[in-house]
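Work through the following exercises with the sequence and the model at hand. Each task sentence is followed by a solution that goes step by step.

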Amino acid sequence: MKNIAIIFGGKSVEHEVSILTGLHANRHIDGHRVFLVYMTRENEMACGKVLSNVDYYIKKQGRVHECWFMDGILYRRGKFNKIKRVAKIDVVLNCCHGGVGENGELAAMMNVLNIPVTSCGMVSAANLMSKTATRDMLSNFKGKGRVSKFLQPKFGSLGKEDYETNLEEFIRDVVKRIGFPMIVKPDSLGSSIGITIAKNRAELIDAIGLGFALDIKVIVEQYLEDVIEINCSAMSYGGEIKVSGCELVNDSMGEGKIFSFESKYLDGTSGFIKKSGKDEVDYGLGDVYKEIQELTRLAYKVFDANGVVRADFLVLKVDNEYKIYLNEINTVPGFLSYHLWMKVGVPYPMLIDMMMGQAIEKGKEEFTTNYTSDILARNRKLVD
């Protein structure tokens, strides 16, 4: 039996989705002691029994306690400001979407505190959080054998400073290189928030403005029309990279459409609402699925990922051949992509156990961090 801290919420546009992931995971953990740790929209940590009830977040009813981690132990503040020890934490199950939970900062903090965490480390998480960094790394990849490169759409990115000083030059460049229509995205947001299709110069300027209202960098990409979206998950376990089954997210987005936040989370017929892990209709995509699984495994290795990630692909059929574009990789996917693992016979409780086991094993890796010398004695005059 392990003591698990599920951390969810946080300062992010995906705050509510993260709450659902955290509470849903809590319902599917067997044989362990679970401690819910909610990160508010200000990234303040709180714990308490009421956190397991979704009404706390909807109606704001109930009492929680300020909490924090120290030396691998979870503490909380009680009555009369008294500090209470809650439990020694064996592993953190990271269910935070976006913000510090997904950009690697939470993982870095847990690393300092010597608490294993089930998500990517600081460097890989930061690279995958940034759509521009992801595009750059995938574009520069030179592999061998059957998969020698990752197919990428044409793209360009713009920082806040250049937005204020060189917008016209940027627009001329992307119009020439990419052409309309283009898809404009905030660089580090998820759940399709802030994504816009621009069909002309005026729409492009408006879309870039919206992007900068949400982020400090914006990426502009070639819009691939009439594509299908297919997802696949991967994780490291037992010394190898394992991949899940594939999910056909949509038959075809059609012209001028995107898989929006509303389509993903608020539509009662969406995969988010009806995830079950059941097989879909056979669309004759078996070979495409196999290639996507291979690309997912390779991308996991290229980015030195950790924990469960979900790779999202855009597939375009051209002259009876499929072109497979790796769109992005989510380091803390919604519901931890449990439904994709059910397709290969891994139930949710087992998936969480595998994630925890891998995180704990990785946490046991030790490196020499001490080096003894007489540097202080020899140089004390510098500080005496």
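Throughout, buried means under 20% relative accessible area, exposed means over 50%, and partly exposed lies in between (1.4 Å probe, protein chains only). This is a predicted model, in which local features need pLDDT of at least 70 and side-chain atom pairs count only at pLDDT 80 or more, while totals for chains, interfaces and linings use all residues. Residues are numbered from 1 along each chain as its sequence is written, and side-chain values use heavy atoms, with hydrogens and water left out.

**Exercise 1. Describe the protein chain as a whole: how many helices and strands does it have, and what share of its residues counts as buried?**

Begin with the secondary structure, where helices (H or I, at least four residues) and strands (E, at least two) are DSSP runs numbered from the N terminus. On this basis the protein chain has 15 helices and 15 strands. Next, take burial: 51% of the 384 residues count as buried. The accessible surface, from the Shrake-Rupley method with a 1.4 Å probe and, for residues, with only the protein chains shown counting as cover, comes to about 20,000 Å², and carbon and sulfur atoms hold 50% of that area. Finally, consider contacts, meaning heavy atoms within 4.5 Å; among those with a separation of 6 or more, 64% are between residues 24 or more positions apart.

**Exercise 2. Determine which parts of the chain the salt bridge between Glu 328 and Lys 131 ties together, and whether Glu 328 is buried or exposed.**

First, recall that side chains of opposite charge can pair when their charged atoms come close. The rule applied here asks for a side-chain nitrogen of Lys or Arg within 4 Å of a carboxyl oxygen of Asp or Glu, and the count by this rule comes to 12 salt bridges. Second, check the pair itself: Glu 328 and Lys 131 meet with an N to O distance of 3.8 Å. Because Glu 328 lies in strand β15 (residues 321-330) and Lys 131 in helix α6 (residues 131-140), the pair ties together parts that are 197 residues apart in sequence. Third, examine accessibility: Glu 328 is buried, since its relative accessible area is 18%, and Lys 131 is likewise buried, at 9%. To complete the surroundings, leave out residues up to four places away in sequence; Glu 328 then touches Lys 131, Arg 310, Ala 311 and Asp 312.

**Exercise 3. For two further salt bridges, Glu 66 with Arg 77 and Arg 378 with Asp 374, state the distances and classify each partner.**

In the pair of Glu 66 and Arg 77, the closest N and O atoms are 2.9 Å apart. Glu 66 belongs to strand β4 (residues 65-70) and Arg 77 to strand β5 (residues 73-77), 11 residues apart. Both count as partly exposed, Glu 66 with a relative accessible area of 42% and Arg 77 with 25%. In the pair of Arg 378 and Asp 374, the closest N and O atoms are 2.7 Å apart; here Arg 378 is exposed at 62% relative accessibility, whereas Asp 374 is partly exposed at 42%. Elsewhere, salt bridges that share partners join Arg 135, Lys 185 and Glu 221 into one network.

**Exercise 4. Identify which helix gives the most to the patch of negative charge on the surface.**

A patch takes residues with over 30% relative accessible area and no salt bridge, joining like charges within 9 Å and nonpolar side chains (Val, Leu, Ile, Met, Phe, Trp, Tyr) within 5 Å. The negative patch gathers Glu 161, Asp 162, Glu 164 and Glu 169. Helix α7 (residues 160-165) gives the most, with three residues. Glu 161 lies in this helix and is exposed, because its relative accessibility is 64%.

**Exercise 5. Locate the backbone departures at Pro 181, Asp 319 and Ser 337.**

The background is that most residues other than glycine have a negative phi, and most peptide bonds are trans. A cis peptide bond, with omega about -5°, joins Phe 180 and Pro 181; Pro 181 lies in the loop between α8 (167-177) and β9 (182-186). Asp 319, in the loop between β14 (309-318) and β15, has a positive phi of about 50° and is exposed at 71% relative accessibility. Ser 337, in the loop between β15 and α13 (338-342), has a positive phi of about 55° but is buried, at 0% relative accessibility.

Note on methods
Lys, Arg positive; Asp, Glu negative; His and termini not counted. Charge placed at Lys NZ, Arg CZ, Asp CG, Glu CD.
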